[in-house]
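Subject: The structure we talked about

Hi there,

Here is the structure I promised to send you. Have a look at it first, and then read on for what I found in it.

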Number of protein chains: 2
Amino acid sequence: MQVTIKDVAREANVAPSTVSRVIANSPRISQKTKERVRQAMEELGYYPNVHARSLANRTTQAIGLVMPSAATKTLQNPFFSEVIRGISTKAHQNGYSLYMTTGVSEEEVYEGVVSMVQGRRVDGVVVLYSRTDDKVVQFLQDSKFPFVVVGKPFSDSSHVTYVDTDNYLAGREVTKYLHQLGHECIAFVGGSQDLAVTQERVGGYKTALMEEGLPINESYIVSAPFMTTGGADAVKRLMSLEHPPTAVVVSDDMMALGVMSTLNEMEISVPDQMAVVSFNNLFIAEFSSPPLTSVEINIFGLGFEATNCLIEQMNEEATPYGKRVIVPHYLVVRQSCGGTAK
Amino acid sequence: MQVTIKDVAREANVAPSTVSRVIANSPRISQKTKERVRQAMEELGYYPNVHARSLANRTTQAIGLVMPSAATKTLQNPFFSEVIRGISTKAHQNGYSLYMTTGVSEEEVYEGVVSMVQGRRVDGVVVLYSRTDDKVVQFLQDSKFPFVVVGKPFSDSSHVTYVDTDNYLAGREVTKYLHQLGHECIAFVGGSQDLAVTQERVGGYKTALMEEGLPINESYIVSAPFMTTGGADAVKRLMSLEHPPTAVVVSDDMMALGVMSTLNEMEISVPDQMAVVSFNNLFIAEFSSPPLTSVEINIFGLGFEATNCLIEQMNEEATPYGKRVIVPHYLVVRQSCGGTAK
DNA sequence: TATTTTCGTGCAAACGATTGCATTAACGAT
DNA sequence: ATCGTTAATGCAATCGTTTGCACGAAAATA
C-alpha cells in the first residue's frame, strides 16, 4: 500500500493539512513542526501522489509534446532528439516533466492532443513541427490552451507564440556564400514543400540569386521526400540537365548525406566538382566524407527557448499576443564547399 | 470550466455512476441508455479528467521512460529516436502514453524515476540503457514495480525482464565475416567499456578470433568515448601500430562514421585499404560514403518488444521470473567491406 | 398469482491530495 | 482582568472519477 499524507500526519502528530502546507513550504507553519513533519516523511518514504495533487491543484507540472505522426520516418531525424533534449532540460529545471502521445495517422495524433488537453493531463504543449493548415494548432488556439510551436506556424502566425530560426536569412546567406566562392550555377534541393522550413529556405535562396544578379532557374530547384529516395532522384535530375549546377544548397544535413552519397556513386567529387552546403549542423555533419559545411541553428536552443516561452505563458493569466523568438544561426565551414572564400 | 461527468449525467438524465459505466462500456448498462449518454458526451464535448480517473482507478495508462542523463550526448544517437518510436507504437496500440523525466546528473535521473514510481505517475517503466551497477534498476527491482530494460542489465539479470540483441553472437558473426573476406588482422573499436553492449560485442569478437585460429592482439582492441573524439584517436592509434589492421569492427554506426572520416583524412581508402563493419544499421549507414556494411538489429523491434513485455507484466498479478527476449539480427552488406565473400 | 431471478440504475464512499475558514493559544495593550 | 491581535494548526469541503452495494421493476419460474 502506498504511504499517504495521512500516514505522515499521524506519524508526525499533525493534521493532513499541515503536512500539505509543509510540502508547499508555507510560511504559516512553524519551523519546529516543519522539521518534525519532514522527518516523518523521510522515515515513511513518503512521496505525494501526483494525481491527487493534480486533481486538487488543477495543475499537472507536465508539458505535452506533439510530434509528427510516428509513421513518417521524419522522427528518425536527429533533429528531434536534440530539440527534445533542449525542451527537457528547461522543463526539468522548472520542475516540469514531459508527456507524449503519438499516433500513426495524423488523425490519431490530433485525437491524442485533444485528449491530453481536455483530459487536463498537461499544463501546456509544445508542437514540434509546422505544416500548412494544421488542425492541432487550430485546436490549441481555439481552446486558448498554452502552447508554443517550434518552427513557423502558417496560419495566423501573429497570434501564436513560436520560436524559429531565420530560415529565410540563412537560405540567403548560404547562397551568397556559394556565389562568393565563385559559383554561378547553384541548385536547391529541399524536403517536402509543405514544410515551412523548406519554403523559407528556398525563398532566401531565390532572393540571394536575385540580389546577386544570378538567374533563377526553376529546374535547379527540386524537392524530394528525403526518407524514401535519399535525394538520389534529385541529384540525378540535376546532373542530367544541359547545364548541371556546380553547387547545391540542401535543406537538411540528412538529405545532404544522401545527395553526397549519390554524387559519390556517380563519381562526381565533392567539393571539386560540386559544392554542397546544408542546414542544421547535426553531429553527423562533422563526420561525413567530406565533412559538411552547414548552418548551425542551435536545435537544442530552439527546444530550450520554446519551453521557456511556454512556461512564461503558463504562468501568466492573460497571454495577449503571440511572441516570436528567433534563435541565431551561423555557418560552420568545413570541406564540402571547398577552400575558403576566393 | 471543464465539463465533468456530472454535467453529462444531468444532460442525459442519469447518475454519474451510469456515465462512468458507459465510458467503461459496462455490459450492465442498456444499449438505449448508452446511446443517450454517448450523445450527451458528444454534445458537451466531454473528456474524462485523467487525474480523477487515475486516482480512483489506481492506474495511469502511462509508461515511464528512463533515458541516460541529458548531459551525455548519448541521446543524440538516433538509436533513441528509433527505440522510442517502437515503444510508442506499441504503447499507443494499447492505449498507453509515454512519460519522461530527465536529469542532468545520474542522481537527478534517479530521483526522477523514484518520484514517478512512488508518485504513481506511471504504471510501468522501460529503462533505455544498461550500465554496470545501476541504482535505477536496483530500485525498481526492490520496489517490485513493473519494468523492463532494453539491453542487458548486469546485476541479477535472471530476475529482470529484458529485451536485447544477441550482441555476442553478432560480434562473432561479423568478425568471422571479415575473416572470410580474407582479413587476418582485425581490430575492434568500441564505445564506453561499461556499457553491456560493448562488452558483449567485444566478447563475440574475441571468440570468433579464437575459433578462427587468429591471435587476439590486445592492442587491436580500443575503446573510445565516441562523442568527444569521434573515434579519431582510436584510428590513429591503430594505424600507428607496427602491423596496422586491415579490417575493423566498430561497435556502432555513429562511431563508424567517425572512424571512416578519420581514415579519409589519413587517405586510407575504405574498403580497399581498410574494411569497416559496424552495428545498428542506422539509416545513415545507407548514405555514408561508402555505404556501411552493418548489422541490422531492429531497434524499433527492441522498443516494441520491450513495451509488449512490460504490458504483459503490468497485467499479470504475479511476475515470477525475468523474461528474456532476443530480437534477431542480420548483416546488411553494403560497400564498406569490399566485394562479396571470397 | 406468488416467488425468485435477472436487469438496469442510483447512492455514497472511496482515491489522496489542497485550501478557505474556523479555532485555539499566547501575548501585549489597555 | 479584559480585549484585540497574531501565529499556528485543524476541520471539512472539494477536485472528478470509480465501484461495491442496495434497490425497484420486469421477467422468469413454480
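Pro271(A) sits in the loop that runs between H12 and strand S9 (275-280) of chain A. The peptide bond leading into this proline, from Val270(A) to Pro271(A), is cis, and its omega is near 5°. Please keep in mind as you read that this is a predicted model.

There is a cis bond to look at in chain B as well. The peptide bond from Ser289(B) to Pro290(B) is cis, with omega near -10°. Pro290(B) belongs to the loop between helix H13 (283-287) and strand S10 (293-296) of chain B.

While you are looking at loops, go to the one between helix H7 (135-142) and strand S4 (147-150) of chain A, where you will find Lys144(A). Phi of Lys144(A) is near 50°, which is a positive value in a residue other than glycine.

Next, the sheets. In what order do the strands of the open sheet in chain A lie? The order is S7-S6-S8-S9-S10-S12, so to speak a row of 6 strands, and the pairing is mixed. At the edges are strand S7 (221-223) and strand S12 (330-332) of chain A, each of which pairs on one side only. From one strand to the next, the twist averages 20°.

To see one pairing in this sheet, pick out strand S6 (residues 186-190) and strand S8 (residues 247-250) of chain A: they pair in the parallel sense over 4 bridges. You can use Phe188(A) as a landmark, as it stands opposite Val249(A) in S8(A).

Chain B has an open sheet of 6 strands too, in the order S7-S6-S8-S9-S10-S12 and with mixed pairing. Its edge strands are strand S7 (221-223) and strand S12 (330-332) of chain B, each pairing on one side only. The twist in this sheet averages 20° from one strand to the next. Here the pairing to try is S10(B) with S12(B), which is antiparallel and runs over 3 bridges. In that pair, Val295(B) stands opposite Leu331(B) in S12(B).

Now for the way the chains sit together. Chain A can be laid on chain B with an RMSD of 0.1 Å by a turn of 180° and a shift of 0.0 Å along the axis. That is how a two-fold axis relates two copies. The same surface serves both of them: 100% of the contact residues of chain A recur in chain B.

How many residues of chain A are in contact with chain B? There are 55, and they touch 55 residues of chain B. The area buried between chain A and chain B is about 5,100 Å², with carbon and sulfur atoms giving 59% of it. Tyr47(A), His51(A) and Phe287(A) supply 14% of the area that chain A buries against chain B, more than any other three residues.

The count of residue pairs in polar contact between chain A and chain B is 15, while the number of salt bridges found across this interface is 0. Several elements of chain A each supply at least two residues of the side that touches chain B, among them helix H4 (50-57), strand S2 (97-101), helix H6 (106-118) and helix H12 (253-265). The largest share of that side comes from H5(A), with 7 residues.

Last, the salt bridges. Side chains of opposite charge can pair when their charged atoms come close. The structure holds 16 salt bridges over all chains. One to find for yourself is between the side chains of Arg172(A) and Glu211(A), at 3.2 Å from N to O. Arg172(A) lies in helix H8 (residues 167-180) and Glu211(A) in helix H9 (residues 196-211) of chain A, so this pair ties together parts that are 39 residues apart in sequence.

Enjoy exploring, and write back with any questions!

Best wishes

Methods: Residues numbered from 1 in each chain as written. Chains lettered and ligands numbered in written order. Predicted model: local features only at pLDDT ≥ 70, side-chain atom pairs only at ≥ 80, totals over all residues. Heavy atoms only, no water. Pairing = 2+ DSSP bridges. Axes fitted to C-alpha atoms, helices over the stretch in contact; angles between N-to-C directions. Least-squares fit on C-alpha atoms with pLDDT ≥ 70 in both. Contact = heavy atoms within 4.5 Å. Buried area = accessible area lost by both parts, 1.4 Å probe. Salt bridge = Lys/Arg side-chain N within 4 Å of Asp/Glu carboxyl O. Polar contact = N/O pair within 3.5 Å; in protein donor to acceptor, adjacent residues only side chain to side chain.
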